[in-house]
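Visitor: Please take a close look at one strand in this structure. I would like its surroundings and its partners in one account.

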Amino acid sequence: MTKHRHTLDVVDLTIEIPNGMRLLRDVSLNLEPGEVRALVGESGAGKSMIGKAVLGILPSALKITSGEILMEGHNLGSLSPRARRAAVAETAALIPQDPLTALNPVRKIGPQITDPLVRIRGWSASEARKRALDLLDRVHIRAPERVMNSYPHELSGGMRQRVLIAAAFAPSPRLIVADEPTTALDVTVQKQILRLIRELQRETGTSVLFVTHDMGVVAKISQKVTVLFAGKVMEDAPTRDIFTDPGHPYTRALIAATPSHADPNRSFSPVPDSLIADLHRQIAQDDSLYRGARP
Amino acid sequence: MTMMEPLAAMTTETQPALFSVRDLRLSFPDMAHKPLFGAAPRIEVLKGISFDIPTGQITGIVGESGSGKSTAGRVLVRLLEPDAGEVLLDGRDIAHLGEEEITPLRRDLQMIFQDPMSSLNPRHTVGHIIATPMKRYGRGGTREDAAAALVKVGLPAEFVSRYPHQLSGGQRQRVGIARAIALEPRFILADEIVSGLDVSSQAQVLELLKTLAQDMGITVAFISHDLSVIRHLCDHVIVLDHGEIVEQGPVQAVFDHPQSEITRTLLAAIPRPELDDSWFD
């Protein structure tokens, strides 16, 4: 183990489906304590899959065929499934994309936040409740008591997403995987939610792996960026460099594809087909099974 | 790669509006507060709004969730009937036309939906999805017609035999566009059609919509909560808040000199792809 311990190390991770087709290709990245790293790419690039692999919730058909995931220096692959689940639950939490499907519709909000605190952290019911109320207050929910007693359908989309942020931060995890947490929301609600994640993250020093397809969100929330295409890392750099001097043409194209109202003369244009074709060709050279994601 | 320019320069400002909407009111019953006996109280969704949709141009309708933007759009294509007010299409009030009178107009008033996964029938092939309304309105509807519509939206003709789940999100949204333009309508309502797409597909779909609208002379109302997209795509913009219009005008004027707090808030909420440490403040 190194002296400088990362919260998360993903080393040369490759994931395949049973026919041998690769979905992730030798992906490496790390997260330092208190750091937000954005994982950015288009649909199908594999960004959510990295988050799922880290949390050990990959669909059963997908296999990690090489590479390692180290959480606070511990190699998760060397642990038994039970020990791995315990280690992940101890260290990490998820903020999911869709707050409606992530919450159990027939249970009240309160127990959905407190259950893991009791089960995993071993807190008493009253300690857990106090923590839940505190966190709901911190995500600016005005009537935490009432929300604890509500069912998910009684809350708006923005409220539900706040509840999930509270639930994720409640056990004081050292790592949070945020999987497109604002994609389903309006811009004004998105800004509130991003602000909340940033506030809590700074206060608690939690590291965040932030999955998004929006370069605008990347610019605001992260300090480091991993740019993915077809399961392969195109660029890994500090956010500052990505926006001042992007190193990879695909990164430049993603930024150019993001509309900006401030500068209407800087028109936005799709990622050029020729660039996509080039990237597909490069990947196919190393992988005979690769056919390209899109026709 | 073609760049996006506003359409306004190419059309004459003197054309009459396709739609003139005057003092439009609409309310829904609030079933959550319905007494056991008697009528439910009403929620006012549109509180007497007036606006024009200029012919041959793209008008953006923007607002937060619950502002009434989708409801206003659905009145234009008469999926909803308003409580009061006028919806003049070429000067003829269609606000309260019965189904018999409105049916002949339906071909001219098409809609593209937000979520193509739920607006395209998963059991039908893409060809069937595009051809059925063409047959319904006597505009052909052969396999070749459907294939031609697919080619117009930049998809391969072979896609006629595919099913929606076999396509990517951007491709599905193109099928939604193909289904609408195959009928050669005069007006298309596009309701949050790129909200579910990633940036690259988003730029492609917007560019496609703009080019087709231009080439085919289709008037478009584009509903979105994203002012960046509106700025690049639209000629005019209407900003709604809680069922009232807080601002409307040419895109350039509204963006350069926003008059209402709502417009400024919506503008400030967009995370632009550039470093800005003060954005959260």
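Guide: What follows is a close look at strand β7 of chain B. This is a predicted model, in which local features need pLDDT (the predictor's confidence in each residue, from 0 to 100) of at least 70, side-chain atom pairs count only at pLDDT 80 or more, and totals for chains, interfaces and linings use all residues. Residues are numbered from 1 along each chain as its sequence is written, while chains are lettered from A and ligands numbered from 1 in the order in which they are written.

Strand β7(B) spans residues 187-191. Helices (H or I, at least four residues) and strands (E, at least two) are DSSP runs, numbered from the N terminus. In β7(B), 5 of 5 residues are buried; that takes 20 or more other C-beta atoms within 10 Å of a residue's own, with C-beta atoms placed from the backbone. B:Phe187, B:Leu189 and B:Asp191 point one way. B:Ile188 and B:Ala190 point the other way.

Now the neighbours. Strands count as paired if DSSP finds at least two bridges between them. Strand β6(B), residues 109-112, pairs with β7(B) in the parallel sense over 4 bridges. There, B:Met111 has B:Leu189 as its bridge partner. Strand β8(B), residues 219-224, also runs parallel to β7(B), joined by 5 bridges. B:Ile188 stands opposite B:Val220 of β8(B).

Next, the connection. β7(B), α7(B) and β8(B) make a right-handed β-α-β unit: with the strands pointing away from the viewer, the path from the first strand over the helix to the second runs clockwise.

How values were computed:
A residue is buried if 20 or more other C-beta atoms lie within 10 Å of its own, exposed if 12 or fewer, and partly exposed in between; C-beta atoms are placed from the backbone.
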